[in-house]
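Here's a quick tour of one structure, taken a piece at a time. Have the coordinates open and follow along.

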Amino acid sequence: MTFPGPVLAAPMAGGAGTPALLAACGGGFLAGGYLAPDALAARIAEARAGGTWFGVNVFAPSPTPVAAGALRRYLEELRAEFAVYDLTPALPSAPDDDHWAAKLDLLLADPVPAVSFTFGLPPAATVAALRRAGTLVLQTVTTAEEAVAAAAAGVDALVVQASVAGGHSATLTPEDLPAPVPLPLPGLVAAVRAAVPLPVVAAGGLATSADVAAALHAGAAATMVGTALLRTDEAGTSATHRAALTAAAVSAAAVSAAGHDTVVTRVFTGRPARALRNGFIDRHDATAPLGYPQVHHLTAPLRRAAATAGDADRVHLWAGTGHRHAATGRAAAVMTTLTAAL
Ligand SMILES: Cc1cc2nc3c(=O)[nH]c(=O)nc-3n(C[C@H](O)[C@H](O)[C@H](O)COP(=O)(O)O)c2cc1C
């Protein structure tokens with residue numbers, strides 16, 4: 001199986017990932033998450049026009065239920081945060097599935113080169129239908145056990161995501177995080193390769209060309225980067241997020257007692273995700289319930305208002321542990337740096 005290059009652009013939902021970023025990187029994955037089906041169709045058209053190989057990433061339904069009482073308690077806890085922007089928090093309606101059926105219909109009616117799934121495993125029949133349409137199907141996994149389950153569902157290849165990655169963990173069991181002893185990416189790639197005979201795209205914490213070389217050496221067919229691209233010209237990263245990354249890159253002030261200025265937290269969306277540590281995390285990490293997508297919908301209006309106001313203290317600042325290496329400038333230059341040692 002060949003990918004367009006040794007380093008691909010990772011899917012980044014919520015604005016950071018753009019078709020222009022894919023084109024500048026020479027290929028990668030378009031984020032389908034959070035988009036309405038017609039917005040996804042428009043993004044696919046833009047990616048096609050960019051002329052590079054691309055896949056579409058889709059959130060497979062995997063709701064983590066939250067008790068109504070726990071959600072209500074969290075809402076009350078967040079009331080003061082919302083009041084900063086004269087907002088009143090509202091209980092979200094029943095969990096939605098991010099337009100799962102409509103997105104699948106779109107991808108089957110007008111097939112793209114590849115589709116990757118995260119959060120959940122799609123039914124084997126869905127995988128088979130996409131493959132019949134000529135689409136390469138990938139599943140994001142975080143352990144060898146998840147790789148075995150993905151192989152059983154019939155996927156062509158895996159995205160192996162280490163826990164140092166920025167953004168949401170792809171874990172199929174969000175209630176079990178964090179893993180007691182997280183494996184570094186090359187070790188995780190080797191473990192997955194030993195468990196299943198599928199090609200692997202390695203992701204998580206790749207910040208230098210030595211990191212990329214180590215992942216390839218461990219048996220990955222290609223690698224994928226997200227955080228390394230967040231500050232580039234072509235990324236759609238918000239100004240507030242960019243400013244926070246810039247500040248974190250030059251300051252040791254945010255480094256926690258554990259020595260990490262990024263943490264895995266569920267405070268923003270109810271699903272574990274790695275972000276730059278900020279006040280919102282410090283205030284709510286101990287009490288926020290698991291509960292995706294309910295918690296995502298509950299906090300979204302606050303995060304939107306804070307991002308608009310430049311208030312990095314109340315925004316989900318997704319970032320992997322390698323964020324200090326994330327460079328500004330053209331994405332193509334970042335790609336050149338990341339492949340220099342290959
Ligand atoms: C801002 C941001 C948004 C992300 N959104 C998605 C997404 O929509 N789907 C997905 O599968 N992974 C998503 N991820 C995870 C990336 O695809 C990838 O696994 C991760 O960025 C790799 O680790 P790195 O950030 O250390 O390079 C996101 C990551 C970031 C930083």
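Let's start with the walls of a hole. This is a predicted model, and its largest cavity is lined by Ala9, Ala10, Gly17, Thr18, Leu21, Leu22, Phe29, Leu30 and Ala31. Sorted by class, that lining comes out as 7 nonpolar residues, 2 polar and no charged. Helix H1 (19–25) and strand S2 (28–31) each put at least two residues into it, and S2 is the top contributor, with 3 residues.

How big is the largest cavity? Its volume is about 40 Å³. If you go looking for others, the count of cavities of 30 Å³ or more in the structure is 1.

**Helices side by side**

Now for the helix packing. Two packed helices are described by the angle between their axes and the distance between the axes. Here are three pairs laid out that way:

| Helix pair | Angle between axes | Axis distance |
|---|---|---|
| H3 (residues 68–83) and H11 (residues 294–309) | about 15° | 11 Å |
| H6 (residues 144–152) and H7 (residues 185–195) | roughly 40° | within 9 Å |
| H4 (100–109) and H5 (residues 124–132) | about 25° | 10 Å |

Take H3 and H11 to begin with. Their axes pack at an angle of about 15°, so H3 is roughly parallel to H11, as angles under 35 degrees count that way. The crossing of this pair is right-handed. On the H3 side, the contact is built from Leu71, Tyr74, Leu75, Leu78, Glu81 and Phe82, while H11 brings Gln294, Val295, Leu298, Thr299, Pro301 and Leu302. By class, the H3 and H11 contact has 9 nonpolar residues, 2 polar and 1 charged.

Next up, H6 and H7. Which way does this pair lean, given an angle of roughly 40°? That value makes H6 oblique to H7. H6 also passes H7 in a right-handed crossing. Look for Ala144, Ala147 and Val148 on H6, which meet Ala191, Val192 and Ala195 on H7. The class split for the contact of H6 with H7 is 6 nonpolar, no polar and no charged.

Then there's H4 with H5, whose axes sit 10 Å apart at an angle of about 25°. That angle makes H4 roughly parallel to H5. From H4, the residues Trp100, Leu104, Leu107 and Leu108 touch Thr126, Ala129 and Leu130 of H5. In this H4 and H5 contact you'll find 6 nonpolar residues, 1 polar and no charged.

**Backbone oddities**

Two spots along the chain deserve a click. Most residues other than glycine have a negative phi, and most peptide bonds are trans.

Where does aspartate 86 lie? You'll find aspartate 86 in the loop between H3 and helix H4 (100–109). Its phi is near 55°, which is a positive value in a residue other than glycine.

The other spot is a peptide bond. Tyrosine 292 and proline 293 are joined by a cis peptide bond, with omega about 5°. Proline 293 belongs to the loop between helix H10 (279–284) and H11.

Put those loops next to the helix pairs and some elements come up again. H3, which packs with H11, also borders the loop that holds aspartate 86. H11 in turn borders the loop with proline 293. H4, the partner of H5, flanks the aspartate 86 loop on its other side.

Note on methods. Residues are numbered from 1 along each chain as its sequence is written. This is a predicted model: local features need pLDDT of at least 70, side-chain atom pairs count only at pLDDT 80 or more; totals for chains, interfaces and linings use all residues. Side-chain values use heavy atoms; hydrogens and water are left out. Axes are lines fitted to C-alpha atoms, for helices over the stretch in contact, and angles run from 0 to 180 degrees between N-to-C directions. Helices (H or I, at least four residues) and strands (E, at least two) are DSSP runs, numbered from the N terminus. Angles under 35 degrees count as roughly parallel, over 145 as roughly antiparallel, 65 to 115 as roughly perpendicular and the rest as oblique. A crossing is left-handed if the near helix is turned anticlockwise from the far one by less than a right angle, and right-handed if clockwise. Contact means heavy atoms within 4.5 Å. Ala, Val, Leu, Ile, Met, Phe, Trp, Tyr, Cys and Pro count as nonpolar, Asp, Glu, Lys and Arg as charged, and the others, Gly among them, as polar. On a 1 Å grid over the protein atoms alone, a cavity is a set of points where a 1.4 Å probe fits but cannot get out, and a pocket is an open set with protein on both sides within 12 Å along at least five of seven lines; lining residues have an atom within 4 Å of a point. Grid points are joined across faces, edges and corners, and a volume is the space filled by probe spheres set on the points.
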